[in-house]
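User: Please look closely at the loops of this model, and set what you find there against the helix packing and the nonpolar core. I would like one connected reading rather than a list.

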Amino acid sequence: MTTTATAEPSARASSMPERSSETFDMLIVGAGISGIGAAWHLKTQSPATRFVILETQDDFGGTWRTHRYPGIRSDSDLYTFGYRFKPWTGAPIASADKILSYMQEVIDEKDLARHIRYRHRIDSANWSGEDRLWHLEVTRLDTNESLRFSTRFLWMCQGYYRHAQGYTPEWPGMDRFKGQIVHPQNWPEDLDLSGKRVVVIGSGATAATIVPAVTAQCGHVTLLQRSPTYFITGRNANVLADTLRELDIDETWIHEIVRRKILFDQSVFTRRCETEPEVVTRELLGGVKAYLGEDYDVARHFTPRYAPWKQRIAFIPDGDLFRGIRSGKASVVTDEIDTYNETGLLLKSGTQLDADVIITATGFNLNVLGDIAFSIDGKPLDFASTVSYRGLMFTGVPNMLWVFGYFRASWTLRVDIVADFICRLLKEMEARKATVVTPALRPQDQGMPLSPWVDPGNFNPGYIMRGLHLLPRQGDRQPWKHGQDYMTEKDELPAADLGDGALIFK
């Protein structure tokens, strides 16, 4: 791809105010797991492409930089959450600091740091058909300067939720509570839980991580959930990886072999969740009972109302959550909140749950493409009115690419294969001498049935259901479907026909 000079008058849009600007071939939004992976692939597969990464936070890492609550760890194994190109050598479930160290090595190995601009918030992005460029208005947060960037391509790697603030439902009486209310996404560095009565509201991976991490220091911690969720228990180790290391196999080989084995096992498990959900449910609950004993009310507190894999299943390494409950230092209450009061929570059953600190591990606010004001030739862009091309581009939107990972597998798996596709697309454009590519429905696609980005009957976590109306639509055939299945997509995406008429090159 031909590079573009920076800050030259000819590179400026005539309609833009006169001030300094930089122009790139590719602008990557976000320096999290997606953005760093995108940059690695771009530098490896398309080295002539001149690119920059803009990141709002003051350092790389995304999720692993935002969340600083006690015990923060992956809920996916690092053999698949790690990049395809970078072997993971530690325990399968890793803490945030180890994931950040891994990402730092990737940045250092490809000299990516010089491409990253931290504390840069993108306020608006307008596609100019005349210039064939995206023009971005950006605020540099440490100096409050207004900057402009222009780019041929936007590669959206900003993740799926709003980093500034998590989702907390509005319950009656919250202003009456005399203690402290904390959302894990905004964890205070000076929060002292020593000897405190702590209630953690939620039943997902975040709640299941915080409870065992704070149990030792609290007077008592209660996990309060409206309804149970599924968990998988097991050792935080991979027997196959450990065996291969004993045989002195190269780490690159170990990474690939273990990765393939885990993906195969996950595919089998997902299929079993569809074909024999009752059997899988018994197996998952059996893992819980092995820690809590037959006398514990697993039916009430750990038996969900939905079938396995309709929502994400978190891994509980070495059963730490259940060991805390078994010890008596932690407990579970399954009930709904009626109101907050001065000393804690009044539940709908009439039970009073007193607390000094209430932690609302109640989820995320879905963020559709970074809360950026997008427009095309000055007309506001509504992504919900578009149809997704293979889950990574949008009808009528030129030169924009999107990474949105898998719900039932590691997010990073899609980073790798989407990056392969994008680098292939750039080569195709160079061969065609094209500077613009825009997905468009073909004549045979006109009038096809459209459905939500994700089928609520197939996967329905709260953050998706709350924001589903904001997401693009999908069709009933390729290339307009987004099946959320890595094992299928890993073969389909590399073989995708770029000349099938669904992409308009100019």
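Analyst: **From the loops to the core**

Asn144 has a relative accessible area of 62% and therefore counts as exposed, since exposure begins over 50%. The model is a predicted one, and the values that follow are computed from it. Asn144 sits in the loop that links strand 5 (133–140) with strand 6 (145–156), and its backbone carries a positive phi of about 65° even though the residue is not a glycine.

Asp248 can be described in similar terms, for its phi is near 60°, again a positive value in a residue other than glycine. Its place is the loop between helix 6 (239–246) and helix 7 (251–275), where Asp248 is exposed, with a relative accessible area of 69%.

Which residue of the loop between helix 12 and helix 13 takes part in a cis peptide bond? Pro479, placed in that loop, is joined to Gln478 by a cis peptide bond whose omega is about 10°. His482 belongs to the loop between helix 12 (462–467) and helix 13 (486–495) as well. With a relative accessible area of 4%, His482 is buried, because the limit for that class is under 20%. Leaving out residues up to four places away in sequence, His482 touches Arg390, Gly391, Phe404, Arg414, Trp453, Gln474 and Glu489.

Ala502 lies in the loop between helix 13 and strand 23 (503–505), and its relative accessible area of 0% makes it buried. Beyond its neighbours within four places in sequence, Ala502 is in contact with Tyr389, Thr438, Pro439, Ala440, Arg442, Pro479 and Trp480. This set includes Pro479, the proline of the cis bond with Gln478. From Ala502 to Ser267 the separation is 235 residues in sequence and 30 Å in space, taken from C-alpha to C-alpha.

Two of the residues that His482 touches, Arg414 and Glu489, lead on to the packing of helix 11 with helix 13, where Arg414 is among the residues on the helix 11 side and Glu489 among those on the helix 13 side. How do the axes of helix 11 and helix 13 lie with respect to each other? They come within 9 Å and cross at roughly 10°, so the two helices are roughly parallel to each other. Helix 11 makes this contact through Leu413, Arg414, Ile417, Val418, Phe421 and Arg424, and helix 13 through Tyr486, Glu489, Lys490, Leu493, Pro494 and Ala495. By class, the residues of the contact divide into eight nonpolar, no polar and four charged.

Helix 11 also packs with helix 1 (residues 33–45), here at an angle of about 35° and with the axes 9 Å apart. Helix 1 passes helix 11 in a right-handed crossing. On the helix 1 side the contact is made by Ile33, Ser34, Gly37, Ala38, His41, Leu42 and Gln45, while helix 11 supplies Trp411, Thr412, Val415, Asp416, Ala419, Asp420, Cys423, Leu426 and Lys427. The contact of helix 1 with helix 11 holds eight nonpolar, five polar and three charged residues.

The core comes next. Trp155 and Phe374 touch the most other members of the largest nonpolar core, a set of 139 residues. Helix 11 (residues 411–432) gives the most to this core, contributing 12 residues. Phe374 itself, not counting residues up to four places away in sequence, touches Ala125, Trp134, Leu154, Met156, Leu369, Lys379, Pro380, Leu381, Phe383 and Met400. Apart from this, a second and separate core of 13 residues includes Phe177, Ile201, Leu345 and Leu347.

One further helix pair completes the picture. Helix 8 (residues 277–292) packs with helix 10 (residues 320–327) at an angle of about 40°, their axes lying 9 Å apart, and the two are therefore oblique to each other. Helix 8 passes helix 10 in a right-handed crossing, with Val288, Tyr291 and Leu292 of helix 8 meeting Phe322, Arg323, Ile325 and Arg326 of helix 10. This contact has five nonpolar, no polar and two charged residues.

Technical notes:
Residues numbered from 1 in each chain as written. Predicted model: local features only at pLDDT ≥ 70, side-chain atom pairs only at ≥ 80, totals over all residues. Heavy atoms only, no water. Core = buried A, V, L, I, M, F, W, Y, C linked by side-chain atoms within 4.5 Å. Buried < 20%, exposed > 50% of the residue type's maximum accessible area, 1.4 Å probe, protein only. Helix = DSSP H or I, 4+ residues; strand = E, 2+ residues; numbered from the N terminus. Contact = heavy atoms within 4.5 Å. Axes fitted to C-alpha atoms, helices over the stretch in contact; angles between N-to-C directions. Parallel < 35°, antiparallel > 145°, perpendicular 65-115°, else oblique. Left-handed = near helix turned anticlockwise from the far one by under 90°. Nonpolar A, V, L, I, M, F, W, Y, C, P; charged D, E, K, R; others polar.
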